[in-house]
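User: I am new to reading structures and would like to know how the labels are justified. Could we go through some of them?

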Amino acid sequence: MDIKRNEDIPLSDSNPQSNSRVLRGTLNMLIMRVVRDSPTHGYGIMKQIEAESGDVLKLEEGSLYPALHRLEKEGLLTSEWRQSESNRRAKFYHLTQTGSTALTAEIANWDIVSAAVNRVVQA
């Protein structure tokens with residue numbers, strides 16, 4: 001899976017002090033990382049990314065759900081309808097074997113790219 005480096009996706013406009021943006025490939029990587037360990041519904045994915053980022057990354061449904069559908073269409077995720085913790089019907093996503101391979105590659109690429117960006121910023 002290629003990272004599209006020229007398409008920024010806003011994470012959240014709800015906090016004007018946090019004008020965070022993420023590259024599409026980064027959002028895909030974050031989603032795949034969250035569902036790697038256990039099937040999770042969309043709202044749970046969003047909340048886990050927010051919590052694990054220390055509330056720096058705040059996703060909006062308008063970014064999350066299209067990405068989930070795209071990843072599912074590409075065969076990187078599968079989904080099933082189940083009852084959520086709040087006893088509501090929710091679509092739970094989990095990583096496929098193809099998705100696991102793609103996630104490993106995305107993380108390796110992220111390590112290289114983020115290290116390179118840090119070198120430039122710290123220069």
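Analyst: Two strands pair if DSSP finds at least two bridges between them. In this predicted model, Arg 82 has Ala 90 of β5 as its bridge partner.

User: What makes β4 and β5 a pair?

Analyst: Pairing needs at least two bridges. Seven bridges join β4 to β5 (residues 89-95), and the two strands run antiparallel, so by the definition they pair.

User: Why are β3 and β4 called edge strands?

Analyst: The open sheet has three strands in the order β3-β5-β4, with antiparallel pairing. β3 (40-41) and β4 (77-83) each pair on one side only.

User: Why are α2 and α3 called oblique to each other?

Analyst: The axes of α2 (residues 42-52) and α3 (residues 61-73) cross at roughly 120° and come within 11 Å. Roughly perpendicular covers 65 to 115 degrees, and roughly antiparallel begins over 145. The angle falls in neither range, and α2 and α3 are therefore oblique. Their crossing is right-handed.

User: Which residues make that contact?

Analyst: From α2 come Gly 42, Tyr 43, Ile 45 and Met 46; from α3 come Glu 61, Leu 64, Tyr 65 and Leu 68. By class, six are nonpolar, one is polar and one is charged. Gly counts as polar, so Gly 42 is the polar one.

User: What makes a residue of α2 buried?

Analyst: Buried means under 20% relative accessible area. In α2, Gly 42, Gly 44, Ile 45, Met 46, Ile 49 and Glu 50 are buried.

User: Where does α3 lie relative to the strands?

Analyst: α3 lies across β4 and β5, and runs at about 120° to β4.

Definitions and conventions
Residues are numbered from 1 along each chain as its sequence is written. This is a predicted model: local features need pLDDT of at least 70, side-chain atom pairs count only at pLDDT 80 or more; totals for chains, interfaces and linings use all residues. Side-chain values use heavy atoms; hydrogens and water are left out. Axes are lines fitted to C-alpha atoms, for helices over the stretch in contact, and angles run from 0 to 180 degrees between N-to-C directions. Helices (H or I, at least four residues) and strands (E, at least two) are DSSP runs, numbered from the N terminus. Angles under 35 degrees count as roughly parallel, over 145 as roughly antiparallel, 65 to 115 as roughly perpendicular and the rest as oblique. A crossing is left-handed if the near helix is turned anticlockwise from the far one by less than a right angle, and right-handed if clockwise. Contact means heavy atoms within 4.5 Å. Buried means under 20% relative accessible area, exposed over 50%, partly exposed in between (1.4 Å probe, protein chains only).
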